[in-house]
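Me: I would like a close look at a single part of this chain. Please keep the answer connected and stay with what the model shows.

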Amino acid sequence: MEPADVTMTRQYHGDSPDPVDAFSAPRLADEDKKRRGEPGPPGTAVITKTKPQTKRPNLYRVLLLNDDYTPMEFVVHVLERFFNKDHETSYRIMMHVHQHGMGECGVYTYEVAETKVTQVMDFARKHQHPLQCVMEKK
């Protein structure tokens with residue numbers, strides 16, 4: 001078996017010209033130096049990384065309002081086209097709007113809800129229907 005290579009570090013203490021083995025003079029850990037008020041190695045710093053807390057966006061309900069002039073088939077078509085509802089769900093929402101005066105089409109973030117309201121209103125006006133679509137904070 002060959003002996004392992006051990007490299008000894010030499011230090012000079014004070015005014016003594018004699019080198020001293022690194023193992024003969026114990027060194028304080030950085031934590032000990034800090035507790036005793038001794039400066040650490042130059043150019044060192046503690047960097048703390050904080051993860052920013054993100055807040056959930058506010059949600060808005062998109063509602064259709066009942067009127068006496070917009071055909072039921074048109075409301076079903078709007079729900080299918082702009083809210084990606086299947087025919088049965090669209091029919092159920094349309095009947096809820098018809099019987100209760102208003103019905104929820106979906107819940108979205110502000111920008112998405114605003115876009116859907118604008119699209120529905122523009123589409124209704126284009127087809128000369130007075131259908132009203134609004135959004136409210138959930």
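In which helix does S90 lie? Please describe that residue and the helix packing around it.

Reply: S90 lies in helix α3. The model is a predicted one, and what follows is computed from it.

The setting comes first. The chain has 138 residues, of which 25% are buried. Its secondary structure comes to four helices and five strands, and from the N terminus the elements follow the order β-β-α-β-α-α-β-α-β. Of the contacts between residues at least 6 apart in sequence, 61% join residues at least 24 apart.

S90 itself is buried, since its relative accessible area is 0% and the cut-off for buried is under 20%. Apart from neighbours within four places in sequence, the residues in contact with S90 are V76, L79, E80 and K85. Among these, V76, L79 and E80 also belong to the part of α2 that makes the contact with α3, which leads to the packing of the two helices.

Two packed helices are described by the angle between their axes and the distance between the axes. Here, helix α2 covers residues 72-83 and helix α3 covers residues 87-100; the angle is about 125° and the axes are 9 Å apart. Roughly perpendicular ends at 115 degrees and roughly antiparallel begins over 145, so α2 and α3 are oblique to each other. The crossing of α2 past α3 is right-handed. On the α2 side the contact is made by M72, V75, V76, L79 and E80, and on the α3 side by H87, S90, Y91, I93, M94 and H98. By type, these residues divide into seven nonpolar, three polar and one charged.

The partner helix can be described further. α2 consists of 12 residues and spans 16 Å from its first C-alpha to its last, close to the 16 Å expected at 1.5 Å a residue. Its buried residues are F74, V75, V76, V78, L79, F82 and F83. V76 and L79, both in contact with S90, are thus listed among the buried residues of α2. The packing of the buried residues of α2 is not limited to α3: they also pack against β3 (59-65), β4 (102-109) and α4 (110-126). Just after α2, N84 has a positive phi of about 55°.

In short, S90 is a buried residue of α3, and takes part in the contact of that helix with α2.

Definitions and conventions. Residues numbered from 1 in each chain as written. Predicted model: local features only at pLDDT ≥ 70, side-chain atom pairs only at ≥ 80, totals over all residues. Heavy atoms only, no water. Axes fitted to C-alpha atoms, helices over the stretch in contact; angles between N-to-C directions. Parallel < 35°, antiparallel > 145°, perpendicular 65-115°, else oblique. Left-handed = near helix turned anticlockwise from the far one by under 90°. Contact = heavy atoms within 4.5 Å. Nonpolar A, V, L, I, M, F, W, Y, C, P; charged D, E, K, R; others polar. Expected span 1.5 Å × (residues − 1). Buried < 20%, exposed > 50% of the residue type's maximum accessible area, 1.4 Å probe, protein only.
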